[in-house]
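The following exercises concern the fold, the helix packing and selected residues of one protein chain. Please consult the sequence and the model while working through each solution.

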Amino acid sequence: MSEAREELTWELFGTASRALAQQVADDGYRPDIILSIARGGLFVAGALGYALGVKNLHVANVEFYTGVDERLPVPIMLPPVPNVVDLSGAKVLVADDVADTGATLKLVRDFCAGHVADVRCAVVYEKPHSTVQCEYVWRHTDRWINFPWSSAPPVVQRQGQVLDA
């Protein structure tokens, strides 16, 4: 991994999310539901929801990162887990900020499999070693990314809090 970091500002995120939505639209994909992977995917899902005119947003809470380039052995889905009945037969767009290893996206995509009509993934960044190649990607990078929502320290400190992840 390169020592230099990719810097995403709020302004550039606006450009990135709009371009990502345009990729989805140009592809002719019309999702019924956008399933965000919390936490970074919440921002992406919200922006895509507005740009694509999708009001039906769901959240999958997944824990994987424990620090900069440090993670649990496998990602785990935290409660509340989305109800597959709510996803049944829908075209689902899974939204996240980055496809790093791809493990989190694979977990959520596999969770949807067999329940939905179609599932596709949209991310702002995809890294070359990701095991999931997303259908919609704004930019490819091999660097650690400073996202505008996680670069500044929290205003509230909590015990065991993981910064920069």
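Each exercise below consists of a task followed by a stepwise solution.

The model is predicted, so local features need pLDDT of at least 70 and side-chain atom pairs count only at pLDDT 80 or more, whereas totals for chains, interfaces and linings use all residues. Residues are numbered from 1 along each chain as its sequence is written, and side-chain values use heavy atoms, with hydrogens and water left out.

**Exercise 1. Describe the secondary structure and the overall burial of the chain.**

Step 1. Helices (H or I, at least four residues) and strands (E, at least two) are taken as DSSP runs and numbered from the N terminus. On this basis the chain has four helices and eight strands.

Step 2. Read from the N terminus, the order of elements is β-α-β-α-β-β-α-β-α-β-β-β.

Step 3. A residue is buried under 20% relative accessible area, exposed over 50% and partly exposed in between, with a 1.4 Å probe and protein chains only. Of the 165 residues, 42% count as buried.

Step 4. Contact means heavy atoms within 4.5 Å. Among the contacts with a separation of 6 or more, 69% are between residues 24 or more positions apart.

**Exercise 2. Characterise the packing of helices α1 and α2.**

Step 1. Two packed helices are described by the angle between their axes and the distance between the axes. Axes are lines fitted to C-alpha atoms, for helices over the stretch in contact, and angles run from 0 to 180 degrees between N-to-C directions.

Step 2. Helix α1 (residues 10–26) packs against helix α2 (residues 40–52) at an angle of about 55°, and their axes are 9 Å apart.

Step 3. Angles under 35 degrees count as roughly parallel, over 145 as roughly antiparallel, 65 to 115 as roughly perpendicular and the rest as oblique. The arrangement of α1 and α2 is therefore oblique.

Step 4. The crossing of α1 and α2 is right-handed, a crossing being right-handed if the near helix is turned clockwise from the far one by less than a right angle, and left-handed if anticlockwise.

Step 5. On the α1 side the contact is made by W10, F13, S17, R18, L20, A21, V24 and A25, and on the α2 side by F43, V44, A47, L48, A51 and L52. Classified by residue type, this contact has twelve nonpolar, one polar and one charged residues. Here Ala, Val, Leu, Ile, Met, Phe, Trp, Tyr, Cys and Pro count as nonpolar, Asp, Glu, Lys and Arg as charged, and the others, Gly among them, as polar.

Step 6. Consider A51 of α2. At 29% relative accessibility, A51 counts as partly exposed. Residues up to four places away in sequence aside, A51 touches R18 and A21.

**Exercise 3. Determine how the buried residues of helix α4 are arranged, and what follows the helix.**

Step 1. The buried residues in α4 (residues 103–112) are T104, L105, V108 and C112. Seen down the axis of α4, they fall within an arc of 95°, so they line one face of the helix. The arc is that of the directions from the helix axis to the C-beta atoms.

Step 2. After α4 comes G114, with a positive phi near 85°. The C-alpha atom of G114 is 9.7 Å from that of V84, 30 residues away along the chain.

**Exercise 4. Locate L8 and F147 and list their contacts.**

Step 1. L8 is in the loop between β1 (5–7) and α1, and F147 is in the segment after β8 (144–146).

Step 2. L8 is buried at 3% relative accessibility, and F147 is buried with a relative accessible area of 6%.

Step 3. Not counting residues up to four places away in sequence, L8 touches F13, V124, Y125, W138, N146, F147, P148 and W149. With the same exclusion, F147 touches L8, D97, V98 and Y125.

Step 4. F147 and W10 lie 137 residues apart along the chain, with their C-alpha atoms separated by 8.3 Å.

**Exercise 5. Which peptide bond, from A38 to which residue, is cis?**

Step 1. The bond from A38 to R39 is cis, with omega near 20°.

Step 2. R39 lies in the loop between β2 (33–38) and α2.
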